[in-house]
Amino acid sequence: MQYPEKIDAAVLKIAGVVVLGAIMSILDITVVNVALPTFQTVFSDDPSKPLAYSAVAWTVTAYTLALATVIPLTGWAADRFGTKRLYMLAIVLFTAGSALCATATSISMLIGFRVLQGLGGGMLMPLGMTIMTRAAGPARMGRLMAILGVPMLLGPIGGPILGGWLIEHYSWHWIFLINLPLGVIAVVYAYFALPRDHTEPSESLDLLGVALMSPGLALFLFGISSIPEKGTMDTPKVYVNMAIGLVLMVTFVFHSFRPRHPLLDLRLFRNRNLTVSTVTMFLFAAAFFGGLLLVPTYFQSVRGESTLHAGLLVAPQGLGAMLTMPIAGALVDRIPVGRIVPFGLLAISGGMFGLTQITSTTSYSTIIVLLFIMGLGMGGTMMPIFTTALKTLTHHEVARGSTLLNITQQIASSVGVAVMSVLLTNHFKESKLAGPAMASRHDPSIIDKIGGHPAVVQGLADAAEAFAKTYWVAASLVLLTLVPALFLPRRREVSHLLDDEQVAPVVVH
């Protein structure tokens, strides 16, 4: 098939559909982050006793876990049902999940509906990349990435601001209801703009792999997230769920070497470059995305900021990423990734170590500078890792390699969120004043119950210390990521991909 040299109107029309779907999916990840303190209060039976942070963090963990579950199924389903029909179905699932989230009356209901939302959101990005690659062709993929980079940059910047504004001026329900008109527009737009495609015979679906991996991950993370609630690992709710989950995941690893087309092709880890990149990605994503949740919660719970102000204060991190992401993308084509990623990791760890000194009175200018530095590091880290991992794979391995990397990023995010929320909750429990003092930010009548103003000041100081202690773990993990990052390629690599081969690039979300 011959493609025009320039990005023409036909491709831009299709790009509009894909970008709209991507914005819905990526914005939803960040827009919920600023709502976590709100969920702690609105879903609690007693305003003076907010729900544990680890409990509401499951609204994020469940969503990312659903993304990780559906990503490997997307390629098989696209061949079986066609990309256009599946893309429209993904939008419908995501929109329906959003509507149901707005009707939730308990944290358990919200978590369940977030799973449904994640099943649709997880298909939007991989399908969108497939559709765009077929429309644009390999020679125009660089410029195409610039178009699809828009939602990646809007998410960290616009998500917290939009979420904060909706919660402050309307209610938390609107962070989900806003997806309804967008979803309707996207479905209609996709119906008319996307070309028809024919279905092809698909590879057999690894049903046993699905049955092992999905519940295994869910049970393992549920066990971890139950530790703060029980206060110990020595309880069946913790160790039984963790043990069953671990057994299922280990069984999945052994099973994955049997089928011809496994759900995740672990044979690809024979490629040293992919292995190093995957280990680096896992440590980075667990530390960075786990720590990402802490900042808006600190601003609201310790400093008493509104959700809108918390979103605005977090925006510098997205601005930093927006500056370095295109620069890093251009450099990767000319400079070995092993000479780029370590500098990004050093920037992130520097910002996080700065946040280990945070108190209840730290100046906002200091925090904003630290967040901006972390954003600069993020923009120079994630996409280069993905790029180098795929460069040395052959054409038929790229789709499976990209699946492994996407799964790794999503699992690591879920683990990071669970671990950081567990640590933060445990640090809160060390102080009897921290929880009530933070609750008094939203209900001043609680001040009298905990002994007046001095107790509130001490409680907020203890709460800030809990955030600082948690950031020590996140910062140490980022620093540890430098170890595998030093094994990334430091010399120019020859790609095994031919120029005329159409390979869908990978987009992290």
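In which helix is the place of Phe192? In this predicted model, Phe192 is found in helix H9, which covers residues 179–193.

## Overall architecture

The protein has 22 helices and zero strands, and of its 509 residues 57% count as buried. Among the contacts with a separation of 6 or more, 83% are accounted for by residues that stand 24 or more positions apart. The accessible surface of the protein amounts to about 20,900 Å², and carbon and sulfur atoms hold 67% of that area.

## A nonpolar patch and the residues around Tyr191

Val184, Val188, Tyr191 and Phe192 together make a nonpolar surface patch of about 450 Å². Two members of this patch can be described further by their accessibility: Phe192 counts as exposed because its relative accessible area is 64%, over the 50% cut-off, whereas Tyr191, at 48%, counts as partly exposed.

The search of the whole structure for aromatic pairs finds 13 of them. In one of these, the rings of Tyr191 and Phe192 have centres 5.1 Å apart and planes at 90°, so this pair is classed as edge-to-face. Tyr191 also has a charged neighbour, since Lys84 lies over the face of its ring, at 5.2 Å from the ring centre.

## A buried aromatic pair between two helices

How are the rings of Tyr298 and Phe467 arranged? Their centres are 5.7 Å apart and their planes stand at 80°, so this pair, too, is edge-to-face. Tyr298 belongs to helix H14 (residues 294–301) and Phe467 to helix H22 (residues 453–485), so the pair ties together parts that are 169 residues apart in sequence. Are Tyr298 and Phe467 buried or exposed? Both of these residues are buried, whereas Phe192, in the pair described above, is exposed with a relative accessible area of 64%.

A further aromatic grouping is found elsewhere in the chain, where Phe39, Phe43, Trp172 and Phe176 form one cluster.

## The salt bridge in helix H22

Side chains of opposite charge can pair when their charged atoms come close. How many salt bridges does the count come to? The count comes to one salt bridge, and Lys469 forms this contact with Glu465, the closest N and O atoms being 3.8 Å apart, which lies within the 4 Å cut-off.

Both partners lie in helix H22, where Lys469 and Glu465 are four residues apart, or about one turn of the helix. Their accessibilities place them in one class: Lys469 counts as partly exposed at 30% relative accessibility, and Glu465 counts as partly exposed at 39%. Helix H22 therefore holds Phe467 of the aromatic pair as well as both residues of the salt bridge.

## The surroundings of Asn241

Asn241 is found in helix H12, which spans residues 236–255. Is Asn241 buried or exposed? With a relative accessible area of 15%, Asn241 counts as buried, because this value is under the 20% cut-off.

When residues up to four places away in sequence are not counted, Asn241 touches Leu219, Phe220, Phe222, Gly223 and Pro236. Of these, Pro236 lies within the residue range of helix H12 itself.

Terms used. Residues numbered from 1 in each chain as written. Predicted model: local features only at pLDDT ≥ 70, side-chain atom pairs only at ≥ 80, totals over all residues. Heavy atoms only, no water. Patch = residues over 30% accessible without salt bridge, like charges linked within 9 Å, V, L, I, M, F, W, Y side chains within 5 Å. Areas by Shrake-Rupley, 256 points an atom, 1.4 Å probe, with all protein chains shown as cover. Salt bridge = Lys/Arg side-chain N within 4 Å of Asp/Glu carboxyl O. Buried < 20%, exposed > 50% of the residue type's maximum accessible area, 1.4 Å probe, protein only. Phe/Tyr/Trp six-rings, centres within 6.5 Å; stacked < 30°, edge-to-face > 60°. Lys NZ or Arg CZ within 6 Å of the ring centre and 35° of its normal. Contact = heavy atoms within 4.5 Å.
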